[in-house]
Amino acid sequence: DAILKNKESVAVSTTEREVLDNAYNAVNADYGGLFWVSGYMYTQHSRGDNIIGMDFSPSYTMEQSKREEIQAQIDSRVEELLTGIPTEASDYKKVKYVFETLIEQVDYNPDAENNQNIISVFIGKKTVCQGYADATQYLLWQLGVSSIVVTGLAGGDNHAWNLANLDGEYYYIDTTWGNTHFLGE
């Protein structure tokens, strides 16, 4: 709620930094469209040696008016991209469509501006694994397919991909590795 409404600060129910960090990471995994926030700060309140409260303060990368302007551009591009798949298609066809559309229309480029979010995909058409994963998740949610962004190591390097629920079963999707530019071809 704090991030969606661009709140400066909000009290949270935990007093543990690790719990707050896990919650923040979970929100980012569930909502790949959060292009206007990058990290957070927190303030702990104490009485003597006891921590009695904590505030969460998101770090925004832009003002709300700029966010709304960019969101309108993203919405227009997403509408254009999704015209090629009917909403009644199977989950498999939706995932395949999103995967193929992104690898055909978006280049892998580590120098791309905003490459850690969906701006690089929908506006810049150049991204890295985080942008691909966020955009894949964002498009799948638009099509009614539940998915999250997964981060970890692949070949010893930081990487991002997706986990999606297709007709009750979970599958991993790695749009980055489907792109021939990433593979050096």
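**Why these labels? A chat about strands and helices**

Visitor: What makes S2 and S3 a hairpin, and what is the phi of Gly 48 in the turn?

Guide: In this predicted model, there are 2 residues between S2 and S3, and Gly 48, in the turn, has a positive phi of about 65°.

Visitor: How do you know that S2 and S3 are paired?

Guide: Pairing calls for at least two bridges, and 9 bridges join S2 to S3 (residues 50-60). The two strands run antiparallel. For specific partners, look at Gln 44, which stands opposite Met 54 in S3, and at Ser 46, whose bridge partner in S3 is Ile 51.

Visitor: Why are S1 and S2 called edge strands?

Guide: Because pairing takes at least two bridges, and S1 (10-12) and S2 (37-47) each pair on one side only. The order is S1-S3-S2 in an open sheet of 3 strands, with antiparallel pairing. From one strand to the next, the twist averages 35°.

Visitor: What packs on that sheet, and which strands does it touch?

Guide: That's helix H1 (residues 17-30), touching S1, S2 and S3. The direction of H1 makes about 155° with that of S2.

Visitor: Over to the helices. Why are H3 and H5 called oblique?

Guide: H3 (residues 91-105) and H5 (residues 129-142) pack at an angle of about 140°. Roughly antiparallel would need an angle over 145, and roughly perpendicular runs from 65 to 115. The 140° value fits neither class, so H3 and H5 count as oblique to each other. Their axes are 10 Å apart, and the crossing is right-handed.

Visitor: Which residues of H3 and H5 meet there?

Guide: On the H3 side, Lys 94, Val 95, Val 98 and Leu 102; on the H5 side, Tyr 132, Ala 135, Thr 136, Leu 139 and Leu 140. By class, this contact has 7 nonpolar, 1 polar and 1 charged residues.

Visitor: And why are H2 and H5 called roughly perpendicular?

Guide: The axes of H2 (residues 64-82) and H5 cross at roughly 65°. The perpendicular class covers 65 to 115, so H2 and H5 are roughly perpendicular to each other. Their axes come within 11 Å, and this crossing is right-handed.

Visitor: What makes up the contact of H2 with H5, by class?

Guide: The residues divide into 5 nonpolar, 2 polar and 1 charged. Gln 71, Ile 74, Asp 75, Val 78 and Leu 82 in H2 meet Tyr 138, Leu 139 and Gln 142 in H5. Leu 139 is on the list for H3 with H5 and on the one for H2 with H5.

Notes. Residues numbered from 1 in each chain as written. Predicted model: local features only at pLDDT ≥ 70, side-chain atom pairs only at ≥ 80, totals over all residues. Heavy atoms only, no water. Axes fitted to C-alpha atoms, helices over the stretch in contact; angles between N-to-C directions. Helix = DSSP H or I, 4+ residues; strand = E, 2+ residues; numbered from the N terminus. Parallel < 35°, antiparallel > 145°, perpendicular 65-115°, else oblique. Left-handed = near helix turned anticlockwise from the far one by under 90°. Contact = heavy atoms within 4.5 Å. Nonpolar A, V, L, I, M, F, W, Y, C, P; charged D, E, K, R; others polar.
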